[in-house]
Amino acid sequence: MKDYDPERIHNVGVFGHVGCGKTTLSEAMLYTAHAITRMGRIEDGSTVSDYDPDEQRRGMSINLSVIPIEWENRKINLIDVPGFADLAGDMAAAMRVVDGAIIVVDATGGVEVGTEQAYEMARRANLPCIFFINKLDRDNANFFRCVEQIRELLDDAATPLYIPCSVARKLKGIISLRTAMAYITTDQHDGSYNREQVPQELDGLMHQWRSDLMDKIAATDDDLIEKYLESGEDALSSDDRLHGLQVGIEQHSIVPIVCGSAHEVTGVAQLLKTIVETVPAAARRDVTANDLTTGEQVTLHASSDEPLAALVFKSIADPYGKMSLFRVYSGTIHTNNGTMNARTGATNAVPTSTGCAAKSSAKLTTSGRVISG
Ligand SMILES: Nc1nc2c(ncn2[C@@H]2O[C@H](COP(=O)(O)OP(=O)(O)OP(=O)(O)O)[C@@H](O)[C@H]2O)c(=O)[nH]1
Ligand SMILES: [Mg+2]
């Protein structure tokens, strides 16, 4: 994997109710980004994320997994988090180290207890969120009921950026409300799609939801609202729409909803695009921390030449040894150099630093350094 500076690293967690499809969606993102050549399945115990034999036997996630994905010259550090309520410790651990949250909603079940819990925690952690309404390929999926429930139960700022493109109850792809185009999934189901006109029968629905989105985008900025009121939604350029979306997310007047099917790899490329467009890169998000040696509050900047500050958020022991997963907030960890444990005051050497992709690990940088991000 290439070196990425913190301007190009997005740390994102995938959260939601048990079984809503987080691991399958993570697998679909890896597949869409060509990080794997075939899509693993929960039923076969072949996903990258659920690598533990116990997870494979039970068909559910037990440990969080870190999954790096390269997408359009960015690196997305994805953390796939188990949804099972007894494992909420992993959810809390992941929330501490990510800069954005994907909240997956099962389109057949709607907002469930685990969805509410994940969204509340993400809001408390002040994380920008993206909802992904999954399993739209299922017969009993109901996208619009999910949107209604999300607005009623979680947040009325939730706003679809995409709606399903279903014809005769069959999911064909998704419709972008920003571009007013349909992205139709190809027969390969590998994340590729064809950009097509919106089917006529969905045109009215698309315009109705597009107006809802454009109203919110335009309302974020005086210049945009002026253009919008004078000349309508087509007067907003794609840069205007992106700017309004980003401001809306920052002001919390918009929480984006993306949709699709992890199984059919539909809507997954658009989710990756939404992540890089809306989750701030590591360098963009300063973090405050307590310096335990001085008792003072400090702001950590994600820059490789600052003093080192890193947080171990999960330790895993397996027959091969012990592994600590950490996020570097500022500075650089040099392999075999001493790092001070701020809590105990002890100095520990970091024997090897690797970037990990679930069970496998690969050296993060060619120079054996781990830089902030
Ligand atoms: N039809 C359909 N099934 C899906 C989709 N995504 C996931 N599933 C199925 O839903 C079940 C649960 O999927 P997982 O990916 O394990 O869900 P999860 O959210 O990671 O589950 P936990 O980590 O245990 O909370 C599996 O049987 C998947 O095959 C989808 O888009 N469509
Ligand atoms: Mg899972």
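Strand S8 and strand S9 (residues 181-185) run antiparallel and are joined by 4 bridges. This is a good place to start reading the model, which is predicted. Find isoleucine 174 and look across to S9: tyrosine 183 stands opposite. The two strands form a hairpin with 4 residues between them, and in this hairpin alanine 180 takes a positive phi near 55°.

Now step from S8 to its other neighbour. Strand S8 (residues 170-176) is joined to S7 by 6 bridges, and this pair runs antiparallel too. Isoleucine 174 turns up here again, as the bridge partner of proline 164. On the far side of S9 comes S10, which pairs with S9 in the antiparallel sense over 4 bridges. There, threonine 185 stands opposite tyrosine 193 in S10.

What order do these 4 strands take in their sheet? The order is S7-S8-S9-S10, and the sheet is open, with antiparallel pairing. Strand S7 (162-167) and strand S10 (193-196) are the edge strands, each pairing on one side only. From one strand to the next, the twist averages 30°. It helps to remember what holds such an arrangement: strands of a sheet pair through backbone hydrogen bonds, either parallel or antiparallel.

Let us move to another sheet. This one has 7 strands, is open, and follows the order S2-S3-S1-S4-S5-S11-S6, with mixed pairing. Its edges are S2 and strand S6 (158-160), each of which pairs on one side only. Here the twist averages 30° from one strand to the next. At one end of the order, S6 pairs with strand S11 (residues 255-259) in the parallel sense, over 3 bridges. To see this pairing residue by residue, pick threonine 159, whose bridge partner in S11 is proline 256.

A helix lies against this sheet. Helix H9 packs on it and touches strand S1 (9-16), S2, strand S3 (74-80), strand S4 (100-106), strand S5 (129-134) and S11. The direction of H9 makes about 160° with that of S11.

Helix H9 (residues 268-278) also has a helix partner, H1: their axes come within 9 Å and cross at roughly 90°. How are H1 and H9 oriented to each other? With that crossing angle, they are therefore roughly perpendicular to each other. On the H1 side of the meeting place you will find Ala28, Met29 and Thr32, and on the H9 side Val268, Ala269 and Leu272. This contact between H1 and H9 is made up of 5 nonpolar residues and 1 polar residue, with no charged ones.

Helix H1 leads us on to the ligand. H1 (residues 22-32) gives the most to the shell around ligand 1, with 3 residues. Which of the 22 residues around ligand 1 come nearest? They are Gly21, Thr23, Met60, Ser61 and Gly83. Sorted by kind, the shell around ligand 1 has 7 nonpolar, 10 polar and 5 charged residues.

There is another helix pair to visit. Helix H6 (residues 203-218) and helix H7 (residues 222-231) have axes 8 Å apart and pack at an angle of about 135°. H6 and H7 are therefore oblique to each other. Met214, Ile217 and Ala218 of H6 make the contact with Leu224, Ile225 and Tyr228 of H7. The residues of this contact divide into 6 nonpolar, no polar and no charged.

Finally, step back and view the whole chain. Its domain assignment gives domain 1 (6-282) and domain 2 (287-371). The centres of domain 1 and domain 2, taken over C-alpha atoms, are separated by 30 Å. Where the domains touch, 15 residues of domain 1 are in contact with 13 residues of domain 2. On the domain 1 side, strand S2 (65-71) and helix H3 (88-97) each supply at least two residues. Which element gives the most to this side? S2 does, with 4 residues, and S2 is also an edge strand of the sheet of 7 strands. The residues on this side of domain 1 divide into 10 nonpolar, 4 polar and 1 charged.

Technical notes: Residues are numbered from 1 along each chain as its sequence is written. Chains are lettered from A and ligands numbered from 1 in the order in which they are written. This is a predicted model: local features need pLDDT of at least 70, side-chain atom pairs count only at pLDDT 80 or more; totals for chains, interfaces and linings use all residues. Domain bounds come from an automatic or database domain assignment. Two residues are in contact if their C-beta atoms, placed from the backbone, lie within 7 Å. Ala, Val, Leu, Ile, Met, Phe, Trp, Tyr, Cys and Pro count as nonpolar, Asp, Glu, Lys and Arg as charged, and the others, Gly among them, as polar. Two strands pair if DSSP finds at least two bridges between them. Axes are lines fitted to C-alpha atoms, for helices over the stretch in contact, and angles run from 0 to 180 degrees between N-to-C directions. Angles under 35 degrees count as roughly parallel, over 145 as roughly antiparallel, 65 to 115 as roughly perpendicular and the rest as oblique. A residue is near a molecule or strand if its C-beta atom, placed from the backbone, lies within 6 Å of it.
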